[in-house]
Amino acid sequence: MAWLRNEDLLQIGKDPPGLELAGYWRRAAIGVPDSARRLLSYLTSSLASRGWLASADNLLVQAVEHLAEPAHQVQTDWQFLVDRDLLSLDQGKVVALVGLLATRPTRLSYVVDTHHELHLVGPLAALAVARALGKPGEVRATCLGNGQTRLRLMCDAHGVQARQPETIGLFLPSWDGLIAPSQASAAGGLFADDDALGAWQDRNGDPAGMPVPAMFFDMAAIELGQQVGAALEGLLNHLPDFD
């Protein structure tokens, strides 16, 4: 059974391979009620400040108390977010938020300051997280190709501004709508250079998606991250309320 409905599957089929997830997150950000955005901001702030989240049942209780909203409203907003995968669950625990943040270690992290390191769900999140959160920081990763070379994306509050090394490229996975978008996002990654990217593609049978070599990173990848980040930023408009 597909994660998306048939009509939505037709929509992602219109996106170029590798850009289906970017298109989905932009569409998912449309029409989210303010109360659901407030709940999502509260959950995101809690994860960012503590580095972990309680079980889903306990989070619901905490949200009702903290937001001073009726329990039925919080439950309705919670389910709305789950239905769009803006809040991802696994066995009663939150595993991802806003298509950006993971509650478990991944290959990618976003360091806001010396005390706050956030796990990222995939390479698109690495491009979009700074704009979405409105917080400068540094994306840290290891090359998906060799598993050793350390990579850094330096970000201001608007997105990626510099990279080290400057030869960094990335691969954005294609998505067919059969699994949740936050889960599909993890299939790609960052690479130290074009050789590492090409070798990884060869080893993996040229997977469906969009490779972004180093020479196109500044133009294509950074602009894409700003677009997706701007859409998700609107979902987190209550973050300052919980700082």
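**Exercise 1.** Which side chain makes a polar contact of 2.8 Å with the side chain of Glu-138, counting Arg-140 as a candidate? Work out the setting of Glu-138 in this predicted model as well.

*Solution.*
- Start with the partner: the side chains of Glu-138 and Arg-140 pair up in a polar contact at 2.8 Å.
- Next, check for another arginine. The Arg-152 side chain also makes a polar contact with the Glu-138 side chain, at 2.8 Å.
- Now place the residue: Glu-138 sits in strand E6, which runs over residues 137-142.
- Then look at the neighbours. Leaving out residues up to four places away in sequence, Glu-138 touches Ser-109, Tyr-110, Val-111, Arg-152, Leu-153 and Met-154.
- Finally, is Glu-138 buried or exposed? Its relative accessibility is 12%, and buried means under 20%, so Glu-138 counts as buried.

**Exercise 2.** Decide how the overall size of the protein fits its length.

*Solution.*
- Take stock of the fold: the protein has nine helices and eleven strands.
- Compare sizes. The radius of gyration is 17 Å, close to the 18 Å from the globule rule for 243 residues, so the protein is as compact as a globular protein of that length.
- For burial, 49% of the 243 residues count as buried.
- For contacts, take pairs at least 6 apart in sequence: 63% of these join residues at least 24 apart.

**Exercise 3.** Describe the surface and the charges.

*Solution.*
- The accessible surface is about 11300 Å², and carbon and sulfur atoms account for 52% of that.
- Count the charged side chains: 18 positive and 28 negative.
- Then locate the two sets, whose centres lie 2 Å apart.

Definitions and conventions:
Residues are numbered from 1 along each chain as its sequence is written. This is a predicted model: local features need pLDDT of at least 70, side-chain atom pairs count only at pLDDT 80 or more; totals for chains, interfaces and linings use all residues. Side-chain values use heavy atoms; hydrogens and water are left out. Helices (H or I, at least four residues) and strands (E, at least two) are DSSP runs, numbered from the N terminus. The radius of gyration is taken over C-alpha atoms; the globule rule is 2.2 Å times the number of residues to the power 0.38. Buried means under 20% relative accessible area, exposed over 50%, partly exposed in between (1.4 Å probe, protein chains only). Contact means heavy atoms within 4.5 Å. Accessible areas come from the Shrake-Rupley method with a 1.4 Å probe; for residues, only the protein chains shown count as cover. Lys and Arg count as positive and Asp and Glu as negative; His and the chain ends are not counted. The place of a charge is taken as NZ of Lys, CZ of Arg, CG of Asp or CD of Glu. A polar contact is a pair of N or O atoms within 3.5 Å; within protein, one must be able to donate a hydrogen and the other to accept it, and residues adjacent in sequence count only if both atoms are side-chain atoms.
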